[in-house]
Amino acid sequence: MKAITQDAYGTVDVLSYTDIPTPQPGPDGVLVRVRAAGVDPSVWHMMTGEPLVARLALGPGKPRERVRGWDVAGIVEAVGPQVTAFEPGDEVFGTVPGSFAEFAAAPAVKLQPKPANLSFEQAAALPISGTTALAGLRDAGRIEAGQRVLIIGASGGVGHLAVQLAKHYGAEVTGVCSGASVAFVTGLGADHVIDYRTEKLSGRYDLILDMAGNRPLALLRSLLTETGTLVLGGGEGGGRFFGGLGRSVRAELLSPFTRQRLRALLALPKPEALATLTELATAGAVVPHIDRTYALSEAPAAITHLAAGHSRGKSVIVVS
């Protein structure tokens, strides 16, 4: 089968479009014929191996997972003998290591039935970014109806879903984005939009979700109410060793000494979260927006576009 592989850390030049053996599902696993695969920052981190501290988990000298990609939507090709939830022909989506390929295998618990009202491309855009937005607002942020919520990076892969989720939970939402994306974020349901290129961040908020990862902690705290919550995501800013994680660590260390709640966002794909997203997407409360689509062989261009940081929604690899 064709796949996007890498055998060293670096730029998109380390990626190869090549033939590799088709994976086989384990006893509790599912083999998915990939129809679409989402492009999210974890792909960039895995490719570059940055921040360097992440290599403790990714692999010290090269990625432990050779095939890129996590988000997936596709059709069940085969199942292991212990799998009862799915059968060949079912349309599914979820998180599968190595989704930038014609086939990918994962435990059945990592998948959910694809919402019928979503295309394969939309479904592939939802798992990682959607569970991250859900973890930031619901779990770390403890969002409540009536709160004033600020979402920084509101037009991105996570941010555009977070705007919709925050409105679903009954919040008054202010989104932060560039001027070119103001209409897009307004269309998502944001009550107010700040163009960070021409306006200063202002106001007082009960909850701030920062997915841009590059604003000083003191500035963000000044925008919070006395007992507000700040949730820090995004690991692309900061130095090469810690990246944006350094700011998150400082926030967690400071949090016990202030009435404000300062939280680092650690969003691991969980079956419960994916099931919740399935329900919300089926009900139309969350609709992933596709910024651009790319062929499997064009994965390097997709990652380059992601790294530029100007996406409206999420880019997706389409596998024919």
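Why is strand S1 (residues 2–6) largely enclosed by the rest of the structure? Select residues 2–6: four of the five residues of S1 are buried, so the strand is largely enclosed. Buried means under 20% relative accessible area, exposed over 50% and partly exposed in between, with a 1.4 Å probe and protein chains only. Strands (E, at least two residues) and helices (H or I, at least four) are DSSP runs, numbered from the N terminus.

This is a predicted model, in which local features need pLDDT of at least 70 and side-chain atom pairs count only at pLDDT 80 or more, whereas totals for chains, interfaces and linings use all residues. Residues are numbered from 1 along each chain as its sequence is written, and side-chain values use heavy atoms, with hydrogens and water left out.

Next, add strand S2 (residues 15–19), which runs antiparallel to S1 and is joined to it by five bridges; two strands pair if DSSP finds at least two bridges between them. Ala3 has Thr18 of S2 as its bridge partner.

Proceed to the largest nonpolar core, a set of buried Ala, Val, Leu, Ile, Met, Phe, Trp, Tyr and Cys residues joined through side-chain atoms within 4.5 Å. This core has 44 residues, and Leu126, Leu137 and Ile151 have the most contacts inside it. Among the elements that give it two or more residues are helix H4 (127–140), strand S8 (148–152) and helix H5 (159–168). Centre the view on Leu126: residues up to four places away in sequence aside, it touches Phe93, Leu118, Thr131, Leu161, Leu277, Ala281, Val286 and Pro288, where contact means heavy atoms within 4.5 Å. Another core, of 27 residues, lies apart from the largest one and includes Met47, Val83, Phe100 and Ile317.

Now select H5. Eight of its ten residues are buried, so this helix is largely enclosed by the rest of the structure. The buried residues include Leu161 and Val163. After H5 comes Gly170, with a positive phi near 85°.

Turn then to Arg142, in the loop between H4 and S8. Its phi is near 50°, a positive value in a residue other than glycine. Most residues other than glycine have a negative phi. Arg142 counts as exposed because its relative accessibility is 53%.

Finally, select Thr95, Val109, Lys110, Thr131, Pro269, Lys270, Pro271 and Leu274, which line the largest cavity. Thr131 is also among the residues that Leu126 touches.

Conventions. 1 Å grid on protein atoms, 1.4 Å probe; cavity = no way out; pocket = protein on both sides within 12 Å on 5 of 7 lines; lining within 4 Å.
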